[in-house]
Amino acid sequence: DIDECGTEMAHCRANQFCVNTEGSYECRDCSTACIGCMGAGPARCKKCNKGYWRDGAKCLGEWPAAGQAGWAPHCPHRCCLSPASLSADVDECASAEEPVCAGAQEVCENTEGSYRCVCAPGHVRRDGQCVED
């Protein structure tokens with residue numbers, strides 16, 4: 001079985017992510033918290049949707065209330081986030097709960113705003129599979 005999701009063979013819409021299936025793949029909708037995503041749930045968002053804010057790796061839907069971490073009365077929306085934290089790249093390879101690249105001898109490589117699956121050192125991609133070079 002070829003992992004279409006780990007190659008450029010899968011074609012999902014902008015607000016969907018790819019799930020490899022036996023002999024094919026499926027495109028599933030991103031969480032409503034996300035603008036673009038790498039997988040299911042608010043922890044896999046590329047960016048947070050309007051009305052959501054990033055807390056670590058997750059996009060949450062409510063601004064912190066008084067007394068909660070992140071709350072500040074002098075900041076818009078009662079939450080202080082630096083411009084850098086709003087646009088900071090999320091390392092999908094490091095923040096994933098499960099391996100991002102499921103193919104044999106594939107490793108995850110973080111890119112700005114996304115990731116890609118590449119072959120491990122000493123391996124090359126042939127016919128969609130990573131094989132020894």
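This text walks through a predicted model, from its overall fold to its hairpins, selected residues and largest pocket.

Start with the secondary structure. The protein has 2 helices and 10 strands. Along the sequence they follow the pattern β-β-β-β-β-β-α-α-β-β-β-β. The helices thus sit between a run of strands before them and another run after them. The protein contains 133 residues, and buried residues make up 31% of them. Contacts can also be sorted by their separation in sequence. Take those with a separation of 6 or more: 15% of them link residues 24 or more positions apart.

Turn now to the strands that follow the helices. S7 and S8 run antiparallel and are joined by 6 bridges. S7 covers residues 106–111. S8 covers residues 114–119. The two strands form a hairpin, with 2 residues between them. Gly113 lies in that turn and has a positive phi of about 80 degrees. Two cross-strand pairs help to fix the register for the eye. Val107 has Val118 in S8 as its bridge partner. Cys108 stands opposite Cys117 in S8.

Just ahead of this hairpin is a loop. It runs between helix H2 (92–95) and strand S7, and Gln105 is found there. Gln105 is not a glycine, yet its phi is positive, at about 65 degrees. Is Gln105 buried, exposed or partly exposed? Its relative accessibility is 42%, so Gln105 counts as partly exposed. The cut-offs place partly exposed residues between under 20% for buried and over 50% for exposed.

The next hairpin is built from S9 and S10. S9 spans residues 123–126 and S10 spans residues 129–132. They run antiparallel, and 4 bridges join them. Val124 stands opposite Val131 in S10. Again 2 residues lie between the strands. Asp127 belongs to the loop between S9 and S10. Its phi is near 55 degrees, a positive value in a residue other than glycine. Asp127 counts as exposed because its relative accessible area is 70%.

Go back to S7 and look at Cys108, which is found in that strand. How accessible is Cys108? Its relative accessibility is 25%, so Cys108 counts as partly exposed. Beyond residues up to four places away in sequence, Cys108 touches Cys93, Val100, Cys101, Tyr115 and Arg116. Two of these contact residues, Cys93 and Cys101, are cysteines. Cys108 also can be placed relative to Glu92. The two are 16 residues apart in sequence, and their C-alpha atoms are 8.4 Å apart.

A second cysteine deserves the same treatment. Cys18 has its place in strand S1. That strand covers residues 16–21. At 24% relative accessibility, Cys18 is therefore classed as partly exposed. Which residues does Cys18 contact, leaving aside neighbours within four places in sequence? They are Cys5, Ala10, Cys12, Tyr25 and Glu26. Cysteines appear here too, in Cys5 and Cys12. Cys37 lies 19 residues away from Cys18 along the chain, and the C-alpha atoms of the pair are separated by 9.7 Å.

Cys18 leads on to the largest pocket. This pocket has a volume of about 1,100 Å³. Its lining consists of 34 residues. Nearest its centre lie Cys5, Phe17, Cys18, Met38 and Tyr115. Two of these names have come up together before: Cys5 is among the contacts of Cys18. Tyr115 has appeared as well, as a contact of Cys108.

Where does the lining come from? Strand S1 and strand S8 are the elements that give two or more residues to it. The largest share, 5 residues, comes from S1. The lining also draws on two domains. Domain 1 (4–61) and domain 2 (92–132) each supply at least three residues. What is the character of these residues? They divide into 17 nonpolar, 8 polar and 9 charged.

To trace the pocket in the model, begin at Cys18 in S1. Then find Tyr115, which is also listed among the residues nearest the pocket centre. From Tyr115, step to its contact Cys108. Cys108 brings you back to the S7 and S8 hairpin, where it faces Cys117.

Conventions:
Residues numbered from 1 in each chain as written. Predicted model: local features only at pLDDT ≥ 70, side-chain atom pairs only at ≥ 80, totals over all residues. Heavy atoms only, no water. 1 Å grid on protein atoms, 1.4 Å probe; cavity = no way out; pocket = protein on both sides within 12 Å on 5 of 7 lines; lining within 4 Å. Points joined across faces, edges and corners; volume = space filled by probe spheres on them. Nonpolar A, V, L, I, M, F, W, Y, C, P; charged D, E, K, R; others polar. Domains from an automatic or database assignment. Pairing = 2+ DSSP bridges. Buried < 20%, exposed > 50% of the residue type's maximum accessible area, 1.4 Å probe, protein only. Contact = heavy atoms within 4.5 Å.
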